[in-house]
Amino acid sequence: MRCNNCKVDIGNSNICPLCHEIINKDNVTEIKCEYPPKREKRPLPLIISPRNIYLIIAVFISLISIIVCYVNHSTALWCWFIVPLLAYGYLLIGNTIFSNTEIGTKIFLQGTCLISLCYIYEAIFKTQVATGYCLPIIISAMIIVCGSMLILFYKHNRTLFVSCNLISVLGFIPIILYACNVTSILIPAIISAAIGGFTLICGIAFGLTKLKEQFEKVFHI
């Protein structure tokens, strides 16, 4: 029962503990205990997720390729081309597609993995394209994708201001490597620096206040 004066549950008592009025039929309200309908049993989540299925398949393919490569005494060691590619696929599925990580972090991880793959393949196949071409191209793509995401989702995900500006700074790495004589390829380095500089200037010019707020939240300044 509930006292009409105090609106409190008095249970089976005939005196309200707050106003100390004697409860009768005129100043009491019956409480109906209406419980929500019983929920149907939800199916249990799959023990083997798509990520685990891919991992099992990737490990199997990797082992087979390594065994075949070394049994045949292959000089190219093509198995080490397949293994990093499968590892990248696992990262793509686990940390990008089925992940709630912030968009900027996903872009950075994907770009870092692609650059790492390029250097692995350069070491295997003895090429000279990773630093001169792959690095500036991948960084430029990272900046363009992050900038596009910022334009589309800045109202819903303002942490992209920080990510986009930090990724834009990476655009100057290829031109720095060229200045240090690490690479002799100039055009991709200039393009990467131009894209990074333009995005950085736009990010600071149009979102300086929001950028300060996000830096304070992220770095607790």
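A residue is called buried here when its relative accessible area is under 20%. With that cut-off in hand, the tour can begin; the model is a predicted one.

**Stop 1. Thr96**

Select Thr96, which lies in helix α2. Its relative accessible area is 18%, so Thr96 counts as buried. Show the residues around Thr96: beyond those up to four places away in sequence, it touches Leu91, Lys106 and Gln110. For Lys106, draw the distance between C-alpha atoms; Thr96 and Lys106 are 5.8 Å apart in space and 10 residues apart in sequence.

**Stop 2. The whole of helix α2**

Extend the selection to residues 79-97, which form helix α2. At 1.5 Å a residue, these 19 residues should span 27 Å, and the C-alpha atoms at the two ends are 26 Å apart, so the expected and modelled spans agree. Now colour the buried residues of α2: Cys79, Val83, Pro84, Leu86, Tyr88, Gly89, Leu91, Ile93, Gly94 and Thr96. Among the elements that cover them are α1 (50-71) and α3 (103-125).

**Stop 3. The overall layout**

Zoom out to the full chain and switch to a cartoon. The protein has 7 helices and 2 strands, and from the N terminus on the elements follow the order β-β-α-α-α-α-α-α-α. Of the 221 residues in the protein, 30% are buried. Among contacts with a separation of 6 or more, 55% join residues that are 24 or more positions apart.

**Stop 4. The pair α3 and α4**

Display α3 together with α4 and hide the rest. The two helices pack with their axes 10 Å apart, at an angle of about 165°. Because of that angle, α3 is roughly antiparallel to α4. The crossing of α3 and α4 is right-handed.

To see the interface, show side chains on both helices. On α3, select Ile103, Ile107, Phe108, Gly111, Leu114, Ile115, Cys118, Tyr119 and Glu122. These meet Ala130, Thr131, Cys134, Leu135, Ile138, Ile139, Met142, Val145, Cys146 and Met149 in α4.

**Stop 5. The largest nonpolar core**

Which residues have the most contacts inside the largest nonpolar core? They are Cys146 and Ile167, in a core of 15 residues. Helices α3, α4 (130-153) and α5 (160-169) each supply at least two residues of this core, and the largest share, 8 residues, comes from α4. As general background, nonpolar side chains tend to be buried together in soluble globular proteins.

Centre the view on Ile167. Apart from its neighbours within four places in sequence, Ile167 is in contact with Gly104, Ile107, Phe108, Met142, Ile143 and Cys146.

**Stop 6. Helix α5: Val162 and Ser163**

Move along to Val162, which also belongs to a helix, namely α5. Val162 is buried, since its relative accessible area is 5%. A C-alpha to C-alpha distance drawn from Val162 to Gly104 reads 8.4 Å, although the two are 58 residues apart in sequence.

Next select Ser163, likewise found in helix α5. At 12% relative accessibility, Ser163 counts as buried. Residues up to four places away in sequence aside, Ser163 touches Glu102, Gly104 and Cys146.

**Stop 7. Met149**

Return to helix α4, where Met149 has its place. Is Met149 buried or partly exposed? Its relative accessibility is 26%, so Met149 counts as partly exposed. Not counting neighbours within four places in sequence, the contacts of Met149 are Ile103, Ile107, Tyr154 and Leu160. Add Cys164 to the view: the C-alpha atoms of Met149 and Cys164 are separated by 8.9 Å, with their positions 15 residues apart along the chain counted as the separation.

**Stop 8. Asn181**

The last selection is Asn181, in the loop between α6 (173-179) and α7 (187-219). Asn181 is exposed, with a relative accessible area of 69%. Inspect the backbone here: Asn181 has a positive phi of about 65°, although it is not a glycine. Most residues other than glycine have a negative phi.

Terms used. Residues are numbered from 1 along each chain as its sequence is written. This is a predicted model: local features need pLDDT of at least 70, side-chain atom pairs count only at pLDDT 80 or more; totals for chains, interfaces and linings use all residues. Side-chain values use heavy atoms; hydrogens and water are left out. Helices (H or I, at least four residues) and strands (E, at least two) are DSSP runs, numbered from the N terminus. The expected span of a helix is 1.5 Å times one less than its number of residues. Buried means under 20% relative accessible area, exposed over 50%, partly exposed in between (1.4 Å probe, protein chains only). Contact means heavy atoms within 4.5 Å. A nonpolar core is a set of buried Ala, Val, Leu, Ile, Met, Phe, Trp, Tyr and Cys residues joined through side-chain atoms within 4.5 Å. Axes are lines fitted to C-alpha atoms, for helices over the stretch in contact, and angles run from 0 to 180 degrees between N-to-C directions. Angles under 35 degrees count as roughly parallel, over 145 as roughly antiparallel, 65 to 115 as roughly perpendicular and the rest as oblique. A crossing is left-handed if the near helix is turned anticlockwise from the far one by less than a right angle, and right-handed if clockwise.
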